[in-house]
Every structure is written in C-alpha cells, then in structure tokens.
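Me: I should like to learn how the features of a protein model are read. May we go through them one at a time?

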Amino acid sequence: MKLKGYTGCNRLMGRYSVDNGSLKLTNLGTTRAMCPIIEQENLLMAVLEKADSYRIAGEILTLFYQNRAIATFRAGAEPNMPPNP
C-alpha cells in the first residue's frame, strides 16, 4: 500500500504494510527541496522508519515503537501544502 504525505517542506512517499496490529513503513523518500529547517525533516523521517505499530482514534494517528508513542498526527490537509503534480 502506498504512503503519501507532506513533511512541511518536501513531499513524502513510500510504502506501508499492516499485519495484525503491526506496522512497517518501507521505501520512504522525499522530494529534495531546500528546506530552512532540514534537521526537523530528518528527525521526522527517522521517527517514521522506527514505527512498528499504530493506533487510530477518530482523526488522530499515533505511531509507536516498542509500545512507546513516538509521533502523533491529525487527519487533514495543510493549508499551504503544494498541489499534487
């Protein structure tokens, strides 16, 4: 299954699989725009690569690594997100 998103600077793409509550994100990559705070994007990518499970509650997605929450996302579109090519 395909993963698409926006890091706040670059577009994010990759693949994901879900099996019995576990999550695996693979082939993660981004476009290569010059970002003012690239360290933040690099940290996000490192967190995504570690995720091994998830929970969805309403519009909130929480990613976990070894049963510890590592990231939380809210569904929706970023107002300044560039349009899909």
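Me: How many disulfides does the count come to?

Reply: Please keep in mind that this is a predicted model. A disulfide is recognised from a pair of cysteine sulfur atoms within 2.5 Å. By this rule the count comes to one disulfide. The disulfide joins C9 to C35, with an S to S distance of 2.0 Å.

Me: Which parts of the chain does this pair link?

Reply: The pair links distant parts of the chain. C9 belongs to the loop between β1 and β2, and C35 to the loop between β3 and α1, 26 residues apart. The link of C9 and C35 also has a hand: with -95° about the S-S bond, it is left-handed.

Me: Is C35 buried or exposed?

Reply: One compares the relative accessible area with a cut-off: buried means under 20%, exposed over 50%, and partly exposed lies in between. C35 has a relative accessible area of 14%, so C35 is buried. C9 stands at 23% relative accessibility and therefore counts as partly exposed.

Me: What lines the second largest pocket?

Reply: A lining is read as a list of residues that have an atom within 4 Å of a point of the pocket. For the second largest pocket, the list includes both C9 and C35, the cysteines of the disulfide. The other residues of this lining are T7, G8, P36, I37, Q40, E41, L43 and L44. The lining divides into six nonpolar residues, three polar and one charged. About 240 Å³ of space lies in this pocket.

Me: What is the volume of the largest pocket, and how many residues line the largest pocket?

Reply: The largest pocket has a volume of about 840 Å³, and 27 residues line it. Among these, K4, G5, L61, F73 and R74 lie nearest the centre of the pocket.

Me: Which elements give two or more residues to the lining of the largest pocket?

Reply: They are the strands β1 (2–6), β2 (11–19), β3 (22–30), β4 (53–57), β5 (60–65) and β6 (68–74), together with the helix α1 (38–50). The largest share, four residues, comes from β1. By character, the lining of the largest pocket divides into 18 nonpolar residues, five polar and four charged.

Me: Which residues have a positive phi without being a glycine?

Reply: The backbone angle phi is read for each residue together with its place in the chain. N27 has a phi near 50°, a positive value in a residue other than glycine, and the place of N27 is in strand β3. N67 has a positive phi of about 65° although it is not a glycine, and N67 lies in the loop between β5 and β6.

Me: Why are N27 and N67 described as exposed?

Reply: The cut-off for exposed is over 50%. N27 has a relative accessible area of 61% and is therefore exposed. N67 has a relative accessible area of 74%, so N67 is exposed as well.

Me: Where does the charged end of K50 sit?

Reply: Here one looks for a charge within 6 Å of a ring centre and within 35 degrees of the ring normal. The charged end of K50 sits over the ring of Y65, 5.6 Å from the centre of that ring. Pairs between aromatic rings are a separate matter, and their count comes to zero.

Me: How many residues apart along the chain are D19 and R32?

Reply: D19 and R32 are 13 residues apart along the chain, and their C-alpha atoms are separated by 31 Å. D19 has its place in strand β2. With a relative accessible area of 56%, D19 is exposed.

Conventions
Residues are numbered from 1 along each chain as its sequence is written. This is a predicted model: local features need pLDDT of at least 70, side-chain atom pairs count only at pLDDT 80 or more; totals for chains, interfaces and linings use all residues. Side-chain values use heavy atoms; hydrogens and water are left out. On a 1 Å grid over the protein atoms alone, a cavity is a set of points where a 1.4 Å probe fits but cannot get out, and a pocket is an open set with protein on both sides within 12 Å along at least five of seven lines; lining residues have an atom within 4 Å of a point. Grid points are joined across faces, edges and corners, and a volume is the space filled by probe spheres set on the points. Ala, Val, Leu, Ile, Met, Phe, Trp, Tyr, Cys and Pro count as nonpolar, Asp, Glu, Lys and Arg as charged, and the others, Gly among them, as polar. Buried means under 20% relative accessible area, exposed over 50%, partly exposed in between (1.4 Å probe, protein chains only). Rings of Phe, Tyr and Trp (its six-membered ring) pair if their centres lie within 6.5 Å; planes under 30 degrees apart count as stacked, over 60 as edge-to-face and the rest as tilted.
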